[in-house]
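Subject: Handing over a structure

Hello,

Here is the structure I promised to pass on to you. Please open it alongside this note, as the rest of the message walks through what turned up.

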Amino acid sequence: MTLDVVDTIAGSSPAVVALRARRPQTRAQLQASFDALFSPVSTAHVTQLERELVAAFATRLTGVDRTSSFYAERALAADAAVARIVIDQAVHATTTGPFGSYIEVGLQGENTDGERYTPGPDVVHALGGRLAAALAHTHLLVYRPREAGADDLDRLLQAGWDENGIVTLSQLVAFLAFQQRVVSGLRALDAVGVGIATDSDEEDAA
């Protein structure tokens, strides 16, 4: 069986690859999502470079792991100078989460607060307002997803994003979060030995 991008990132053993092969539809859908986002038919609304840079930023926000290293390498290959700025911003913008405020009645007691990421003027100058706005929105989706609202979308529109681009940006961040969890799960299974994994573990890691 040909290795897909998750196998490549995870560095999975043959046993883990065989485990994933038991769920071919899920495996195929993950690869199809990666292909659609990183080898799209059109980059009219989100450029290839923007995709690579956002991916490096989003995955690095949760720390250094195989997924963040994979996307950092891709971003550096695409534009090393800009990628270094983006990755450095992610390092300094890393916090804990998720956090935010609930709007539903009765849940306000669970509200939590945390750091917000706002690119400084020098970063905006170096990256451009459009990319800087995308990074700020990515940070919002990673750490404060329940707070995303109309005002946040307006900021993207004002920075030069259109509706199609905003949808793609949101899809990209969501996919990366899921892919990162899958890779982490596979790495954990590899560490303990797939043979002792439970059926429940296998379902979660597929």
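Below I go through the fold, two of the helices, the nonpolar cores, the pockets and a pair of single residues.

Before anything else, please keep in mind that this is a predicted model.

**The fold**

The protein chain holds eleven helices and zero strands, so if you list its elements from the N terminus on, you read α-α-α-α-α-α-α-α-α-α-α. Of its 206 residues, 41% are buried. Among contacts between residues at least 6 apart in sequence, 68% join residues at least 24 apart.

**Helix α4**

A good place to start is α4 (48-60). This helix has 13 residues and spans 18 Å from its first C-alpha to its last, close to the 18 Å expected at 1.5 Å a residue. Why call α4 largely enclosed by the rest of the structure? Because eleven of its 13 residues are buried. They are E50, R51, E52, L53, V54, A55, A56, F57, A58, T59 and R60. The cover over these buried residues includes α3 (24-38), α5 (66-78), α6 (80-93), α8 and α10.

R60 belongs to this helix and may catch your eye as a charged residue. With a relative accessibility of 18%, R60 counts as buried, since the cut-off for that label is under 20%. Beyond its neighbours within four places in sequence, R60 is in contact with S68, I87, A90, V91 and T94. R60 and V86 are 26 residues apart in sequence, with their C-alpha atoms 9.7 Å apart in space.

**Helix α8**

The next helix to look at is α8 (129-143). It has 15 residues and reaches 21 Å from first C-alpha to last, close to the 21 Å expected at 1.5 Å a residue. Its buried residues are L131, A132, A133, A134, L135, H137, T138, H139, L140 and Y143. They pack against α4, α6, α7 (121-127), α9 and α10.

**The nonpolar cores**

In soluble globular proteins, nonpolar side chains tend to be buried together. Here the largest nonpolar core has 28 residues, and the members that touch the most others are V6, F34, F38, Y71, F175 and L176. At least two residues of this core come from each of α1 (5-10), α3, α4, α5, α8 and α10. Which of these gives the most? That is α10, with nine residues.

L176 is a handy residue to centre your view on. Not counting residues up to four places away in sequence, L176 touches F38, A55, A58, T59 and Y71. There is also a second, separate core of 18 residues, including A56, F57, V123 and L131.

**The pockets**

The largest pocket has a volume of about 320 Å³. It is lined by 16 residues, and Y117, A133, A136, H137 and R155 are the closest to its centre. Two elements, α8 and α9 (150-158), each give two or more residues to the lining, and α8 gives the most, with six. Sorted by class, this lining has nine nonpolar, three polar and four charged residues.

The second largest pocket has a volume of about 230 Å³. Its lining has 13 residues, and V142, V173, L176, A177 and R181 lie nearest the centre. Here the elements giving two or more residues are α4, α8 and α10 (163-192). The largest share, eight residues, comes from α10. By class, the lining divides into seven nonpolar, five polar and one charged.

Some names recur if you compare these sections. H137 is among the buried residues of α8 and is also one of those closest to the centre of the largest pocket. L176 is listed among the core members that touch the most others and among the residues nearest the centre of the second largest pocket.

**One residue in α9**

Last comes L153, which lies in helix α9. Is L153 buried or partly exposed? At 38% relative accessibility, L153 counts as partly exposed. Leaving aside neighbours within four places in sequence, L153 is in contact with H137 and I166. L153 and H137 are 16 residues apart in sequence and 8.5 Å apart in space, C-alpha to C-alpha.

Happy browsing, and do write back with any questions.

Best wishes

Definitions and conventions: Residues numbered from 1 in each chain as written. Predicted model: local features only at pLDDT ≥ 70, side-chain atom pairs only at ≥ 80, totals over all residues. Heavy atoms only, no water. 1 Å grid on protein atoms, 1.4 Å probe; cavity = no way out; pocket = protein on both sides within 12 Å on 5 of 7 lines; lining within 4 Å. Points joined across faces, edges and corners; volume = space filled by probe spheres on them. Helix = DSSP H or I, 4+ residues; strand = E, 2+ residues; numbered from the N terminus. Expected span 1.5 Å × (residues − 1). Buried < 20%, exposed > 50% of the residue type's maximum accessible area, 1.4 Å probe, protein only. Contact = heavy atoms within 4.5 Å. Core = buried A, V, L, I, M, F, W, Y, C linked by side-chain atoms within 4.5 Å.
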